[in-house]
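This report introduces the arrangement of strands and helices in one protein chain. The reader is invited to look at the structure first and then follow the description section by section.

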Amino acid sequence: MKNSAVEKFNVTDLTENQRQQLTKIEGFVQRQLQQSESSIAVIEGAAGTGKSVILTKLFEKLQTGAKNPTSPYYGLKNKFTVNHPELLKVYQELSTTIPSLKKGDYIRPTSLINQAHKNNQRYDVIVVDEGHLLLSKPEPYIRFTQDNQLSELIKLAKVVIVVFDFQQVMQSKMFWNRSLLEKCLAPYPHQTFNLTMQYRMQAPASVQAWIKALSAGQLSALPKDLDDYDLRIFSRAADMYELVKEKNESFGLSRMLATTGFTKRTATEHNVYLDDFDLPWDEYDVQTTPWAERPESIYEVGSIYTIQGFDLNYAGIILGPPFRYDEANDQLYIDTDKVTHREIYKKTPHITDEKSMQQMKQSVMFHVLNVLLTRGTRGLYLTAADDDLRQRLERL
């Protein structure tokens with residue numbers, strides 16, 4: 001794997017499947033540009049199915065065509081938005097390598113919406129990566145006062161292309177499910193494009209199935225045929241970290257990742273600690289290089305906020321204290337009282353009864369697990385803070 005997110009997103013040669021999907025999406029865009037009302041293309045796909053690659057190539061075509069009098073995109077005004085600061089850095093860096101792109105083409109959704117309202121601006125095409133990270137409730141703190149960001153973006157463009165993966169919904173303020181998405185889409189012409197090919201994980205189907213099952217809380221024996229994929233369970237996080245450092249020396253882009261749940265031992269500390277392992281969490285940094293690509297991040301622990309949307313060669317995953325072992329049913333469950341990042345559980349107008357809220361609290365943590373477990377292209381290493389769960393994982 002190329003050890004640069006920019007190189008990964010800006011693929012020179014698409015696969016035949018990707019070319020076919022891009023052609024279909026372009027056909028939708030070109031048809032709908034001729035219509036008077038707004039329309040939406042939804043691209044659905046699990047982690048690692050190349051959603052960002054498709055969007056990158058599509059937006060390059062749009063922006064290149066906007067300057068070409070012979071192109072169906074000539075003269076269009078387009079924007080690309082993503083509600084993920086680390087991914088925004090990648091796209092803005094990408095703009096320095098492709099002549100038709102500008103850094104200003106890429107912007108966070110709240111800024112795009114507020115600037116468009118202030119300047120009375122409309123666009124022809126708005127491309128949205130990580131649509132499941134769009135706000136689905138007002139957040140006055142960051143100056144978003146409307147009901148949800150997708151509906152507002154649709155009002156600003158003739159065509160919106162948005163990526164969705166419901167298995168990557170991980171906060172109540174960004175809560176999305178199919179019924180809410182369909183409610184937003186209902187007033188407009190729309191079409192869904194499904195991406196199913198797995199491009200990230202260089203693992204046999206049996207390994208991918210095992211990881212998918214674990215992401216849903218199901219425990220089963222490790223596959224016998226791992227092919228060249230390196231899948232291991234560790235009894236000690238410190239030993240896992242030593243292997244991750246070795247892989248990083250040999251192959252690069254190998255990091256430690258963890259879920260929430262590690263309490264602060266002092267007022268100023270925010271570390272992940274287990275047996276002899278003790279490292280600080282990642283911190284948001286304004287520098288342009290994404291977290292995983294910084295050499296110094298080998299001495300930190302990544303989270304969904306810095307690794308979502310990115311690939312690693314080898315990923316060492318620590319399941320935090322909220323991930324517990326249910327011996328009676330031989331499966332994982334979430335102890336939501338041990339979730340230390342309470343921001344993800346704030347009230348949302350889309351969940352009004354206690355049973356649904358409890359289900360949401362469970363599901364978003366399993367979504368976190370799914371994101372982390374699918375980062376490693378060559379290998380996945382795993383341990384858990386809960387003693388019973390760690391011992392059960394070892395027996396797998």
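Which residue in strand 5 does V127 stand opposite? In this predicted model, the residue facing V127 is I161 of strand 5.

## The six-stranded sheet

The pair V127 and I161 belongs to the pairing of strand 4 (residues 123-129) with strand 5 (residues 157-164), which runs in the parallel sense over five bridges. An open sheet of six strands, with parallel pairing, is arranged in the order 3-2-4-5-1-6. Its edges are formed by strand 3 (106-107) and strand 6 (190-195); each has a single partner strand, so one side of each is left without a neighbour in the sheet.

## Helices on the six-stranded sheet

Helix 2 (residues 16-33) packs on this sheet and touches strand 1 (39-45), strand 4, strand 5 and strand 6. The direction of helix 2 makes about 170° with that of strand 6.

Helix 3 (residues 51-65) lies across strand 1, strand 2 (78-82), strand 3, strand 4, strand 5 and strand 6. Relative to strand 4, helix 3 runs at about 160°.

## The contact of helix 8 with helix 11

Two packed helices are described by the angle between their axes and the distance between the axes. For helix 8 (residues 205-215) and helix 11 (residues 354-373), the axes come within 8 Å and cross at roughly 155°. Angles over 145 degrees count as roughly antiparallel, and helix 8 and helix 11 are therefore roughly antiparallel to each other. Their crossing is right-handed.

On the side of helix 8, the contact involves I211, L214 and S215. These residues meet F366, L369, N370 and L373 in helix 11. By character, the residues of this contact divide into five nonpolar, two polar and no charged.

## The five-stranded sheet

An open sheet of five strands has the order 7-15-12-8-11, again with parallel pairing. Strand 7 (230-233) and strand 11 (301-302) are the edge strands, and each pairs on one side only. Strand 7 is joined to strand 15 (residues 376-384) in the parallel sense over four bridges. Within strand 15, Y381 is the residue that R232 stands opposite.

Helix 9 (residues 237-251) packs on this five-stranded sheet. The strands touched by helix 9 are strand 7, strand 8 (254-258), strand 12 (312-319) and strand 15. The direction of helix 9 makes about 145° with that of strand 8.

How values were computed. Residues numbered from 1 in each chain as written. Predicted model: local features only at pLDDT ≥ 70, side-chain atom pairs only at ≥ 80, totals over all residues. Heavy atoms only, no water. Pairing = 2+ DSSP bridges. Helix = DSSP H or I, 4+ residues; strand = E, 2+ residues; numbered from the N terminus. Contact = heavy atoms within 4.5 Å. Axes fitted to C-alpha atoms, helices over the stretch in contact; angles between N-to-C directions. Parallel < 35°, antiparallel > 145°, perpendicular 65-115°, else oblique. Left-handed = near helix turned anticlockwise from the far one by under 90°. Nonpolar A, V, L, I, M, F, W, Y, C, P; charged D, E, K, R; others polar.
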